[in-house]
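Hi! Here is the structure I promised to pass on. Have a look at it first, and then read my notes below.

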Amino acid sequence: MRIKKIIFILLISFVIFGSDKITLRYSPPLGDKISYSLESLIRSDSVNLMGSDASLGASAGGDLTLEIERITANNVYTSLTSTDLTVTLQSTASTRTIDLSTDQDKALKVVFNRTGKVDEISNLAALKTQNIMNFSLVQIIRNYFPTLPSKPIAVGESWTENRQMTIPFEGIQLDVLLVSRYTLDSVINAQAGSEASISVDYS
């Protein structure tokens, strides 16, 4: 499987522990619109029982926009829209492209907790395409956004998270264990608050 390194800039609040440890919390400003450019590639090279090539691949590309609608002590409530977002599933025999964009003037409702983990996704009627081969924008959202560590961390330290992704295609089910290794590269004071630069290695 290929490894993709991505750098996220997250608006955060933090509590200082000692001289270098901080606890990060996802804290985007109310009313902000945050844009993400999604580009990913997963490939599994294998052969079947007959010795034939049974390789599978999936790639995704497009734009996501989050609008911050409400913030509570424990959660961040957002509207999510996607533009020109497509997923291409490829085997040795065929290729299929799926449009995972949201309908115009409609949005998914996504609730994050303060570690940045997705707690809830609703209003699925906003999606142009519904549940094609059980591979959807909902699955991408749950696996795309970084999750902040629950314990205090210092700049330069890393943490990992394991996630399961299932890609069904032409009677074959590809179960992918996505290992995300996050590194806190820096924390800076921005005009709207504080920003954390977090790099992610996916494998």
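**What I found**

Let's start with Glu69, which is partly exposed, with a relative accessible area of 40%. (Buried means under 20% relative accessible area, exposed over 50%, and partly exposed in between, using a 1.4 Å probe and protein chains only.)

Before going on, some housekeeping: this is a predicted model, so local features need pLDDT of at least 70 and side-chain atom pairs count only at pLDDT 80 or more, while totals for chains, interfaces and linings use all residues. Residues are numbered from 1 along each chain as its sequence is written, and side-chain values use heavy atoms, with hydrogens and water left out.

Back to Glu69: which residue does Lys109 form a salt bridge with? Its partner is Glu69, and the closest N and O atoms are 3.2 Å apart. (A salt bridge needs a side-chain nitrogen of Lys or Arg within 4 Å of a carboxyl oxygen of Asp or Glu.) Lys109 lies in strand S7 (residues 108-113) and Glu69 in strand S4 (residues 56-71), so the pair ties together parts that are 40 residues apart in sequence. (Strands are DSSP runs of E, at least two residues, numbered from the N terminus.) Lys109 is partly exposed too, at 33% relative accessible area. The structure holds one salt bridge.

Now the rings. The whole structure has two aromatic pairs. In one of them, Tyr26 and Phe112 meet edge-to-face, 5.6 Å centre to centre with 65° between the planes. (Rings of Phe, Tyr and Trp, the latter by its six-membered ring, pair if their centres lie within 6.5 Å; planes under 30 degrees apart are stacked, over 60 edge-to-face, and the rest tilted.) Tyr26 is in strand S2 (residues 21-26) and Phe112 in strand S7, so this pair links parts that are 86 residues apart in sequence. Both residues, Tyr26 and Phe112, are buried.

Tyr26 comes up again in the largest nonpolar core: of its 38 residues, Tyr26 and Phe145 touch the most other members. Strand S5 (residues 75-91) gives the most to this core, with five residues. (A nonpolar core is a set of buried Ala, Val, Leu, Ile, Met, Phe, Trp, Tyr and Cys residues joined through side-chain atoms within 4.5 Å.) Leaving aside neighbours within four places in sequence, Phe145 has contacts (heavy atoms within 4.5 Å) that include Tyr36, Leu64, Phe112 and Tyr182.

Last one: Ser180, in strand S10 (residues 172-190), is buried, with a relative accessible area of 0%.

Cheers!

Technical notes:
Helices (H or I, at least four residues) and strands (E, at least two) are DSSP runs, numbered from the N terminus.
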